[in-house]
Amino acid sequence: MSNVLVSGGAGFVGSHLVDALLARRHRVRILDNLTPQVHGGQRPAYLAPEAELVSGDIRDPNALHRALDGVEIVFHLAAAVGVGQSMYEIAHYVSANTHGTAVLLQELLSRRNLVQKLVLASSMSVYGEGRYLCAGCGDTPGARTSEALKLRHWEPVCPRCSEPLTPVPTDESKALECSSIYALTKRDQEQMCLLFGHTYGLPVVALRYFNIYGPRQALSNPYTGVAAIFASRLLNGNAPLVFEDGKQMRDFLSVHDAVQATLLAADRPEADGCALNVGSGQPTSVCEVASALARALKTDLAPALTGKHRSGDIRHCFADIAAARRALGYIPQVSLASGLDDLVKWLRLQQPQDRAAEAAAHLSSYGLTV
């Protein structure tokens, strides 16, 4: 049994992690600012009453000092989340994510040898585009030009020979080519935490989560995960809004598998000092997910293709999880069909507010969709 802190522990992934830690009989403390966009400033009803909640911001040294008292393991999940919103709330995202992590590390430095491990929630967004192969040129960057996007040429082509590219699983050796402010801040978090761990001898693991979905997602937050945004639309009788042509490939990860990997990262020293992908290892198109959710909710609403590109979005990225299998013994347990069934059971008990159109209009007002 250990004394554990989960920053951001009132959130979607954090609250499931808290449940799992309590089931293992750890003493769990949460630090969360209960941000209005997600929680409305209130302790969520799903949050385990056995967990101690310190209501405060990760950037507040006094709140952090209280939250870390007696703690042996830190799971750092507190962050402002959302690619699109990060492109116009730049100062907020950099402050919450980059500066917030700096404040945490400063506090950890002041209590050296007391905290024994730090597990960071990173993101697949640090890669930018995923990995691609060209039949003639081999491993090739998949960045798309603004000219191509304006012409609705969604698929990347080889920058050397202009031939179509084939998306392949992305492993941890791929260069980090962030395409949003959110991604930059997650890269900052990773590099800061891993550098701190190397310098001061603290075991640190950064987990690059792919597209997590499941119960407790913030359904009325229009910048949350795509499955929750689609679900909010469908539950309000509206077709899911899909950027580009909906054929962009992602790796959809059940929150239960994300928690499994997070617990393994805390337990297994083989991953110390590493950044690891955590995904399902299975590519799925955005339109496939929208259609599967509609079927599960027993509606015939088809995805509405906007034919627009959102700044910060990438075309394809899905995980190679071989490194997590080797280092952690991580094996995904939840199929997409089973995970969506789990999500839908929870969705039927919710009354989400559909704000997707409002968010799309906001992005457009900043010139962030073309």
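The buried residues of helix α10 are Val286, Cys287, Val289, Ala290, Ala292, Leu293, Ala294 and Ala296. That makes eight buried out of 11, and α10 is mostly covered. Please keep in mind that this is a predicted model. Below is a friendly walk from α10 and its helix partners to the open sheet of seven strands.

**Around helix α10**

- The buried residues of α10 pack against helices α8 and α12, and also against the strands β11 (241-242), β12 (249-254), β14 (283-285) and β15.
- Just after α10 comes lysine 298, which has a positive phi near 60°.
- Aspartate 300 sits in the loop that links α10 to β15 (304-305).
- With a relative accessibility of 74%, aspartate 300 counts as exposed, because the exposed class begins over 50%.
- Between the C-alpha atoms of aspartate 300 and isoleucine 314 there are 28 Å, although the two residues are 14 apart along the chain.

**α10 with α12**

- Helix α10 (residues 286-296) packs with helix α12 (residues 336-347) at about 50°, and their axes lie 10 Å apart.
- The two helices α10 and α12 are therefore oblique to each other.
- The crossing of α10 past α12 is right-handed.
- On the α10 side the contact uses Val289, Ala292, Leu293 and Ala296, while α12 brings Leu336, Leu340, Leu343, Val344 and Leu347.
- By residue class, this contact of α10 with α12 has nine nonpolar members, no polar ones and no charged ones.

**α10 with α8**

- Helix α8 (residues 226-235) crosses α10 at roughly 45°, and the axes come within 10 Å.
- It follows that α8 and α10 are therefore oblique to each other too.
- Here again the crossing, of α8 past α10, is right-handed.
- From α8, the contact takes in Val226, Ala227, Phe230, Ala231 and Leu234; from α10, it takes in Val286, Val289, Ala290, Leu293 and Ala294.
- The contact of α8 with α10 counts 10 nonpolar residues, with no polar and no charged ones.
- Val289 of α10 takes part in the contact with α12 and also in the one with α8.
- Leu293 of α10 likewise belongs to the α12 contact and to the α8 contact.

**The open sheet**

- Seven strands form an open sheet in the order β3-β2-β1-β4-β5-β9-β13, paired in parallel.
- At the edges stand β3 (52-55) and β13, each with a single partner strand, so each has one side without a neighbour in the sheet.
- From one strand to the next, the twist averages 20°.
- Strand β1 (residues 3-7) runs parallel to strand β4 (residues 73-76), and four bridges join them.
- In that pair, serine 7 is placed opposite histidine 76 of β4.
- Five bridges pair strand β9 (residues 204-209) with β13, again in the parallel sense.
- Leucine 207 faces leucine 276 in β13.
- Strand β13 (residues 274-278) has four of its five residues buried, so the rest of the structure largely encloses it.

**Helices on the sheet**

- Helix α1 (residues 12-23) packs on the sheet and touches β1, β2 (27-32) and β4, with its direction at about 170° to that of β1.
- Helix α9 (residues 255-267) lies across β4, β5 (117-123), β9 and β13, and runs at about 165° to β9.

Technical notes. Residues are numbered from 1 along each chain as its sequence is written. This is a predicted model: local features need pLDDT of at least 70, side-chain atom pairs count only at pLDDT 80 or more; totals for chains, interfaces and linings use all residues. Side-chain values use heavy atoms; hydrogens and water are left out. Axes are lines fitted to C-alpha atoms, for helices over the stretch in contact, and angles run from 0 to 180 degrees between N-to-C directions. Angles under 35 degrees count as roughly parallel, over 145 as roughly antiparallel, 65 to 115 as roughly perpendicular and the rest as oblique. A crossing is left-handed if the near helix is turned anticlockwise from the far one by less than a right angle, and right-handed if clockwise. Contact means heavy atoms within 4.5 Å. Ala, Val, Leu, Ile, Met, Phe, Trp, Tyr, Cys and Pro count as nonpolar, Asp, Glu, Lys and Arg as charged, and the others, Gly among them, as polar. Buried means under 20% relative accessible area, exposed over 50%, partly exposed in between (1.4 Å probe, protein chains only). Two strands pair if DSSP finds at least two bridges between them.
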